[in-house]
Amino acid sequence: MAGPDQARVVRAGKGGGPEVTDGPFPEAKEFLAGYWIVDVESPEQAYEIAARASAAPGPGGGPLNLRIEVRQVMSAPPVDL
């Protein structure tokens with residue numbers, strides 16, 4: 001997995017697209033609630049998925065606007081090495 005210095009935090013943007021910032025900058029009250037691994041062609045696709053998850057409805061139906069940390073999963077070296 002990519003290091004924390006390469007992580008990005010994604011939220012649903014006001015215009016419908018993702019808001020992507022350098023991260024992570026966790027607060028003491030935050031904790032890991034789970035993770036997803038998605039196979040995408042570009043970081044932008046991962047940001048779009050994270051933004052949609054961030055906009056999931058919460059209590060009362062309004063968007064939660066959750067902070068979602070996005071990191072690249074590093075691949076293994078080629079088999080011939």
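Does Leu64 count as buried, partly exposed or exposed, which is what I wanted to settle at the start? I note that Leu64 counts as partly exposed, because its relative accessibility is 39% (buried means under 20% relative accessible area, exposed over 50%, partly exposed in between, with a 1.4 Å probe and protein chains only).

Before going on, I record that this is a predicted model, in which local features need pLDDT of at least 70 and side-chain atom pairs count only at pLDDT 80 or more, while totals for chains, interfaces and linings use all residues. Residues are numbered from 1 along each chain as its sequence is written, and side-chain values use heavy atoms, with hydrogens and water left out.

I placed Leu64 in the loop between α1 and β3, and I found that it touches Ser54, Ala55, Ala56, Pro57, Gly58 and Pro59, residues up to four places away in sequence not being counted (contact means heavy atoms within 4.5 Å). From Leu64 to Ala53 I read 9.0 Å, C-alpha to C-alpha, at a separation of 11 residues in sequence.

I then turned to α1, residues 43–54, whose 12 residues reach 16 Å from first C-alpha to last, close to the 16 Å expected at 1.5 Å a residue (the expected span is 1.5 Å times one less than the number of residues). Ala46, Tyr47, Ala50, Ala51 and Ser54 are buried in α1. They lie on the same side of α1, because they cover an arc of only 140 degrees around the axis (taken from the directions from the helix axis to the C-beta atoms). Their cover includes β1 (8–12), β2 (18–22) and β3 (68–70).

For the whole chain, I noted the order β-β-α-β from the N terminus (helices are DSSP runs of H or I, at least four residues, and strands of E, at least two, numbered from the N terminus). Buried residues make up 17% of its 81 residues.
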